[in-house]
Structures are given as structure tokens and as C-alpha cells.
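Have your viewer ready with residue selection switched on. We will walk through one sheet and one helix, stop by stop.

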Amino acid sequence: MQYDVSRIHEDYHFNITGVSYIGRPQSNTAMYINKKISDQLTKLESAEQCLVFAENSIEIPNSLKKNHAILLVKNPQLEYAKLAAELESIQAEEDKKYQYIYSNGSYISETAVIGKDSHIEQGCIVGHHVVIGENAVLLNGTVIKNSTIGDRFVANEYAVVGANGYTIAENESGNKIRIPSLGRVTIGNNVEIGVHDNVSRGSAGNTILEDYVKLDAFVHIGHDAHLLRNVEVTAGAIVGGYDVVGEKTFIGLNATLRNRIEIGDKVLLGMGAVVTKSVERDMIVAGNPARSFSTVSGG
């Protein structure tokens with residue numbers, strides 16, 4: 001997908017190919033930034049030719065103005081939402097030329113790449129541009145879209161990977177509108193997804209599950225979350241959007257993590273914990289609201 005930025009502002013002449021998040025900006029993408037997260041602006045120094053909708057109270061360094069199209073607006077989230085809707089429409093038109101192939105009771109896109117010795121049961125859907133590695137197992141009713149997945153992946157019954165995340169803005173009339181999700185899901189090797197789980201695609205980047213992540217049943221992973229190696233999430237737990245969960249962390253039954261927090265390595269989150277703040281590594285955390293009780297011993 002190519003989008004000419006001059007369609008929005010005639011002074012800029014480059015293309016963007018998608019979207020990204022200001023916290024992890026990618027070259028030739030669109031994003032937005034408001035005053036609350038203006039400290040993230042310096043991260044644009046690592047990228048080139050981005051289209052950025054910025055709140056008009058933010059002071060933009062001249063060095064960034066040279067490399068990016070930075071448009072100062074009253075409501076950057078709304079302006080981004082309008083562009084994202086246009087990009088979503090362009091992508092939908094491109095995808096219309098691709099077909100689904102009915103095979104053994106499932107629908108597989110002709111553009112999907114599935115590794116050898118993988119097994120797909122009946123009632124599954126594998127969407128356009130999905131990549132799945134070798135020795136994968138998709139049990140009945142699994143839906144995989146907008147994803148790149150490694151080897152030895154297991155999706156239990158009715159799991160959904162790569163569905164739209166939940167990101168909402170208000171239009172000029174104060175009505176709620178959906179911001180299209182344009183990111184993907186990236187899953188490593190030896191990952192298992194439980195029954196009726198939902199792993200949301202990234203809103204503007206990728207939702208990432210690293211190697212050996214294990215999810216129990218009825219788990220929700222929010223958009224743009226990043227679960228590092230060997231994270232274990234038990235039944236009914238919710239991980240909020242943009243959360244980062246460290247290696248070998250255990251998330252107990254029905255625990256809830258607020259969005260945009262970081263959990264360190266080897267943390268134990270107790271059953272039903274409501275986690276509203278970031279947690280340092282090696283801690284045991286429980287309660288509502290959650291608080292640290294002790295340091296994990298033995299490493």
C-alpha cells in the first residue's frame with residue numbers, strides 16, 4: 001500500500017506505506033502524538049519520512065521538521081483516525097482481488113503461507129497474507145488474520161488471532177468512532193493459544209507473543225501488547241493494550257492489567273489481581289488494586 005502525503009499537505013512529497021506507534025516509530029508510516037505522551041517525540045529521530053499528527057500545543061524541534069511531515073492540529077487522534085479509515089479502505093479494495101479456498105471444511109486465503117506438517121481442522125479461517133510455520137495445529141473454529149506465526153504453534157478451539165483491537169476516538173460532534181486497526185500479530189515458536197482466546201492485532205504496530213508463550217482459555221491480549229519469552233497467562237486474564245510483560249512472568253486466574261504498563265521478568269501476578277501500575281522484576285503482586293507483597297525467591 002502506498003499513500004502520497006501530498007494528498008494531505010502539498011508541501012510534502014513522499015509516500016507512507018502504513019502506520020506505526022510513536023513509541024516505536026517506523027519510517028514511511030503515519031502516527032499521532034498528543035501532549036500526554038509528548039516525551040515520546042524524540043523517538044522520531046530513528047525514523048525517516050513519517051506523517052505525524054501532533055497536538056498544536058507541542059513544540060516541534062527543527063531537526064524533526066526536516067525529516068517528517070508534522071501537522072499541528074487540535075485533535076491529532078481524530079485526524080489520524082480519518083487517515084486510518086482511508087488506509088483501511090484502500091487495503092480492503094486491494095484484498096478483494098484475493099480468494100478463499102475451501103479445503104477440508106476450512107477457508108484458507110490463496111495468499112496464506114502454511115508450513116509443512118501443519119494440521120488444520122474443520123471450521124477454521126486463515127486470512128489474507130497470514131504466515132504460519134511448520135508443525136502448527138489449528139483446532140476447530142480457529143480464526144487467524146493479520147498474523148505472522150512461527151513453528152509448532154497450537155491454537156485451541158475457537159481461538160481468534162489478529163482481530164481488530166478496540167481503539168476509539170470522538171468526532172467533531174462528540175460521537176464515538178472506531179479507529180481502524182492496521183497493525184499485525186507476530187508470534188514466535190512453540191506458542192499455544194487457549195480455547196476462546198482473543199489476541200488483538202496491533203492498532204498501529206504489532207502485538208507480539210515471543211517464543212514459548214502459553215495462554216489458557218478465555219484470555220484477552222490487547223492491541224500492541226508485547227509478551228516476552230515463557231510468559232504464562234491463565235484462564236480469564238486480561239492484558240491491556242501496549243502492555244509489556246517480562247520473561248517467565250505468571251499471570252494468575254482472572255487477573256487484569258491496565259493498558260500501557262510494564263511488568264518485569266519473573267513476576268507472579270496473583271489470582272484476580274487488578275494491576276494499575278508497572279511492576280519491577282521478581283515481585284509477587286496481588287489484590288485489588290494490586291500491591292507488591294514480597295520478592296520472588298530462588299530466581
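**Start at the sheet edge**

Select isoleucine 101 and you will find isoleucine 108 of strand 8 standing opposite. This is a predicted model, in which local features need pLDDT of at least 70 and side-chain atom pairs pLDDT 80 or more, while totals for chains, interfaces and linings use all residues. Numbering runs from 1 along each chain as its sequence is written, and side-chain values use heavy atoms, without hydrogens or water.

Next, pick tyrosine 100, whose bridge partner in strand 8 is serine 109. Strand 7 and strand 8 (residues 106-109) run antiparallel, joined by four bridges. Strands here are DSSP E runs of at least two residues, helices H or I runs of at least four, both numbered from the N terminus; two strands pair if DSSP finds at least two bridges between them.

Now click asparagine 104, in the turn of this hairpin: its phi is positive, about 55°, and two residues lie between the strands.

**Step across the sheet**

Move to tyrosine 107, opposite isoleucine 125 in strand 11. Strand 8 and strand 11 (residues 125-126) pair in parallel through two bridges.

Zoom out to see 10 strands in an open sheet of mixed pairing, ordered 7-8-11-14-17-22-25-28-31-34. Its edges are strand 7 (100-103) and strand 34 (274-275), each paired on one side only.

**Finish on helix 2**

Select residues 76-95: how far apart are the end C-alpha atoms of helix 2? They are 28 Å apart, which agrees with the 28 Å expected for 20 residues at 1.5 Å a residue (the expected span is 1.5 Å times one less than the number of residues). Color the buried residues, including Leu83, Leu87 and Asp95 (buried means under 20% relative accessible area, exposed over 50%, partly exposed in between, with a 1.4 Å probe and protein chains only).
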